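Visitor: Got a minute to walk me through this one? I'd like to start with how the helices touch.

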Amino acid sequence: MSASSMFAALAQAWRREFHVYTAGDRDSAELRARHLSSVTRLTPLMVLANVGNAAIVVLAFDTVPLLQRLVWLAIVLAMCSVGLRGWWRRRDLAVASASPRAMRHATIGGVLLGAVWGSVAIAWFPGASPSQQLLMTALVLGTMCGGAFALSPLPLAALAQLGMLSLASTLGLLRDGNPGTPYLIGLLMLYVTVLAISVLATARVFTARLRSEREAARQGQLVSLLLRDFEEHSADVLWECAASGLMTHVSVRLSAALGGSAAELQSGTLLDALARRRAADDAEESDRHLAALRTALTLGQAFRDLVVPVQTKSNGLRWWSFSAKPLLDDIGHHAGWRGVISDVTQARETHRRLAYLAHFDSLTGLANRLELREQLARAMEAPLADAQGPAPRTALMCLDVDHFKSINDTLGHAAGDAVLAEVGRRLQACLRQGDFAARLGGDEFALVITGVRDDAELAGLAHRLVQVMAQPCEVAGRQVALGTSIGVAIAPEHGRTLDELMGNADLALYAAKEAGRGRFELFVPRLGDRHRRRVAIEQALRGAVSRGEMHLHWQPRVDVARWDIVGAEVLLRWNHPELGRVGPDEFIPVAEEAGLIADLGLWVLARACAHAVQMPSHLVVSVNVSPAQLQRDDFARQALRAIERSGLPPHRLELEVTESLFIDGETAAQALLNLHALRELGVRIALDDFGTGYSSLAYLRRFPFDTLKIDRAFVRELMTRHDARAIVRTILELAVTLGMDTIAEGVEEPAQLDVLREAGCGSIQGFMVARPMPRGDFLRLMKNWTTPGTAYMGLDLNIETVSGP
């Protein structure tokens with residue numbers, strides 16, 4: 001680096017360092033004021049030192065004329081008086097800023113003071129005695145050091161005074177003419193250089209410290225502002241206490257919450273203030289939380305989220321969360337705590353609500369499935385012991401509301417919810433001490449019955465539940481009929497595990513519904529066998545058609561008057577390699593519940609139409625249609641596609657539906673739309689099992705059926721009960737009035753045929769004519785059918801010629 005570059009860098013550093021003494025900005029003015037204040041505070045001491053030194057010089061240099069000494073002393077005293085007078089005027093003033101002019105005045109003062117003392121060195125040092133020169137040297141060097149130290153916050157003034165003293169000392173040494181003067185001047189310059197560097201370094205450190213203090217003050221003001229704003233607007237509250245526990249900072253909000261003034265609270269500890277406000281409803285829990293807080297404060301470590309219940313004066317019971325860090329003094333000892341109080345009442349209530357919803361049903365207030373499993377598991381793991389007799393057992397009752405879907409669909413979901421809530425209230429009213437009720441979902445409920453000593457006690461409770469639930473309830477101003485089916489399983493006889501017991505209770509419930517609903521069933525092992533068979537049937541059904549296990553059988557329908565085969569009902573048969581022959585009354589309900597009936601029924605329809613095309617043109621083919629099929633909005637379109645693909649004239653196809661179709665109003669509406677669409681195409685519609693279901697005569701007006709089929713239950717009792725004959729005659733007369741054909745099912749005896757012919761029945765089918773048979777046997781039967789006019793003996797001949805089952 002060249003000399004010019006070095007001097008340029010030094011000049012730039014000089015300007016940067018002394019910018020604060022000349023700049024006009026506010027920050028520099030504040031720093032200058034701090035510099036001047038630090039020097040001004042030393043004015044009395046500096047005055048005392050200068051007066052004392054001046055007196056010593058005047059007394060020691062007695063060889064100097066008295067007048068000179070007195071004039072010089074007067075000058076020193078005048079300068080000290082001016083300085084002391086300025087200090088006295090400004091001693092109590094807090095100077096916030098100082099101008100560059102004030103710094104220049106201080107520098108001039110330093111020059112003048114250096115000149116006064118330097119004049120002595122120039123005028124009196126040469127020719128003085130060695131002792132006087134030694135005294136003068138000590139005074140000048142002391143003034144240099146003292147002035148550099150005292151004026152270091154004002155480096156320009158300190159350097160100016162140091163420069164004047166060093167110049168005067170050099171001149172004094174040169175005037176003295178001592179042989180060692182060059183060496184003394186060299187030492188003086190070295191000494192002055194070290195002092196100048198020290199002044200600059202001290203000034204820089206002092207300025208940096210002032211800037212740091214000012215920044216810290218600003219940060220403190222900002223923190224105070226933020227803390228004040230935090231206390232005024234935040235939901236949290238600040239708190240601070242000493243190591244002894246006494247509160248050192250109490251905000252307005254904290255004092256309002258604790259119900260006391262800040263002075264009163266600061267006279268006691270935080271724990272005492274909280275103890276006076278502990279929750280009265282649960283003092284034991286409050287003491288437990290306070291003990292946890294006391295332990296945390298004792299350990300002296302930071303902690304978070306310690307929750308304490310507090311009975312506040314304005315808002316009642318609140319839950320406060322305490323978080324804090326320990327305070328340390330200058331030597332690192334524990335000095336107290338500073339922390340934040342957060343009101344977590346709402347969050348706690350939300351958590352409790354979520355926990356409640358996780359275990360209880362919001363509609364009925366009963367436990368949910370999760371809570372039921374936990375309660376049932378505890379009851380099964382800890383059976384009651386009784387030395388006087390057999391140990392009491394635990395029972396599980398599963399129940400649901402009969403025909404609840406119909407209530408929901410006809411009255412709306414709001415009414416359905418009201419019904420479920422009423423069921424929950426009735427269940428709770430029937431519970432004994434120690435019993436437990438739950439809602440599993442939808443209209444499914446469960447009861448855990450403990451302390452069961454015998455089956456009769458359990459049956460009595462179940463019977464009472466059925467009776468209570470059978471009472472109608474009022475919903476939206478309407479009387480709604482209720483009913484329930486109950487399945488009961490007892491531990492450990494019916495299940496040693498939770499899932500096994502619940503599964504067996506469900507099986508018993510299913511059996512109760514199959515037996516007619518509105519009743520209860522106790523689990524028996526055969527229900528498990530039936531369940532396992534049902535599961536096996538459902539699994540096997542999924543591939544039965546593709547494996548070629550499904551077959552169609554045909555049962556002929558005979559016109560009573562002409563004694564001719566005029567149609568046939570197509571019936572589905574299933575032969576499984578392992579399950580054997582599975583009857584339709586067994587696998588059709590399984591297919592409906594498993595959602596397989598739509599595809600299975602469509603296959604039967606397409607197959608029947610394809611085979612019927614190859615039969616005589618006068619033959620009408622009847623195919624049973626499940627309500628689940630008719631509820632589909634695309635059923636009419638699929639049926640039409642099957643008819644078109646087969647080429648069968650639509651009037652040769654008859655679809656048989658049952659009265660159970662009309663139980664549900666919503667599904668009945670969709671079914672009627674499908675039936676109307678098919679009937680407009682020419683497809684015949686028959687109402688099967690008429691008189692045994694739930695429909696009314698109004699449906700016969702809403703949909704003009706082509707055929708009414710008299711159920712086999714009435715035909716079977718024709719010869720034994722007069723009311724059965726009356727019902728059959730009524731049905732036949734009704735059909736004639738409405739222009740409908742009639743078919744009697746299950747005709748097995750000639751006497752039944754005579755009664756039906758006399759009553760005007762159009763057609764019959766049953767074992768008297770022929771059993772259902774494969775298509776090949778049915779075609780041979782038609783070919784060998786006896787001509788009209790043959791007596792009943794001919795019927796026997798026809799039966800004998802039929803092969804197959």
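Guide: Sure, one term up front: contact here means heavy atoms within 4.5 Å. Also keep in mind that this is a predicted model.

Visitor: Okay, then which residues of α19 meet which residues of α20?
Guide: On the α19 side you have Arg 533, Arg 534, Ile 537, Glu 538 and Leu 541. They meet Glu 586, Phe 587, Val 590, Ala 591 and Glu 593 in α20.

Visitor: And how do the residues of that contact divide into nonpolar, polar and charged?
Guide: The contact of α19 with α20 has 5 nonpolar residues, 5 charged and no polar ones.

Visitor: What angle do α19 and α20 pack at?
Guide: About 70 degrees, with the axes of α19 (residues 525-541) and α20 (residues 584-593) 10 Å apart. Angles of 65 to 115 degrees count as roughly perpendicular, so α19 and α20 are roughly perpendicular to each other.

Visitor: Let's try another pair. At what angle do α4 and α5 cross?
Guide: Roughly 165 degrees, and the axes of α4 (residues 66-90) and α5 (residues 100-124) come within 11 Å. That makes α4 roughly antiparallel to α5. The crossing is left-handed.

Visitor: Which residues make that contact?
Guide: From α4 it's Gln 68, Arg 69, Trp 72, Ile 75, Val 76 and Met 79. The α5 side includes Leu 112, Leu 113, Val 116, Trp 117 and Trp 124. The residues of the α4 and α5 contact divide into 10 nonpolar, 3 polar and 1 charged.

Visitor: Switching to sheets. What's the strand order in the one with β1?
Guide: The order is β2-β1-β5-β4-β3, an open sheet of 5 strands with antiparallel pairing. β2 (247-250) and β3 (303-312) are the edge strands, each pairing on one side only. Neighbouring strands are turned by 30 degrees against each other on average, direction ignored.

Visitor: How many bridges join β1 to β2?
Guide: There are 3, and β1 (residues 237-242) runs antiparallel to β2. Glu 240 stands opposite His 249 in β2.

Visitor: Which helices lie across those strands?
Guide: One is α12 (residues 283-299), across β1, β3, β4 and β5, at about 140 degrees to β3. Another is α13 (residues 345-359), which lies across β3, β4 and β5 and runs at about 120 degrees to β4.

Visitor: What's odd about the backbone at Asp 305?
Guide: Asp 305 has a positive phi of about 55 degrees although it is not a glycine. Most residues other than glycine have a negative phi. Asp 305 lies in strand β3, and at 47% relative accessibility it counts as partly exposed.

Visitor: Now the sheet with β7. Is the pairing mixed, and what order do the strands come in?
Guide: The pairing is mixed, and the 5 strands form an open sheet in the order β7-β8-β6-β11-β12. β7 (436-441) and β12 (520-522) stand at the edges with a single partner strand each, so one side of each has no neighbour in the sheet. Neighbouring strands here are turned by 20 degrees against each other on average, direction ignored.

Visitor: Which strands do α16 and α18 touch there?
Guide: α16 (residues 413-430) packs on the sheet and touches β6, β7 and β8, its direction making about 5 degrees with that of β8. α18 (residues 498-514) touches β6, β11 and β12, and its direction makes about 145 degrees with that of β11.

Visitor: Where is the cis peptide bond?
Guide: It joins Ala 491 and Pro 492, with omega about 5 degrees. Pro 492 lies in the loop between β11 and α18.

Visitor: And where does Arg 517 lie?
Guide: In the loop between α18 and β12. Arg 517 has a positive phi of about 65 degrees although it is not a glycine.

Visitor: Last stop: why is β18 called largely enclosed?
Guide: Because 5 of the 7 residues of β18 (residues 684-690) are buried. β17 (residues 653-658) pairs with β18 in the parallel sense over 5 bridges, and 3 bridges join β18 to β19 (residues 707-710), also parallel. In the β18 and β19 pair, Leu 687 stands opposite Leu 708.

Visitor: How much of the whole chain is buried?
Guide: Of the 805 residues, 43% count as buried. The secondary structure comes to 30 helices and 21 strands.

Note on methods:
Residues numbered from 1 in each chain as written. Predicted model: local features only at pLDDT ≥ 70, side-chain atom pairs only at ≥ 80, totals over all residues. Heavy atoms only, no water. Pairing = 2+ DSSP bridges. Helix = DSSP H or I, 4+ residues; strand = E, 2+ residues; numbered from the N terminus. Axes fitted to C-alpha atoms, helices over the stretch in contact; angles between N-to-C directions. Parallel < 35°, antiparallel > 145°, perpendicular 65-115°, else oblique. Left-handed = near helix turned anticlockwise from the far one by under 90°. Nonpolar A, V, L, I, M, F, W, Y, C, P; charged D, E, K, R; others polar. Buried < 20%, exposed > 50% of the residue type's maximum accessible area, 1.4 Å probe, protein only.
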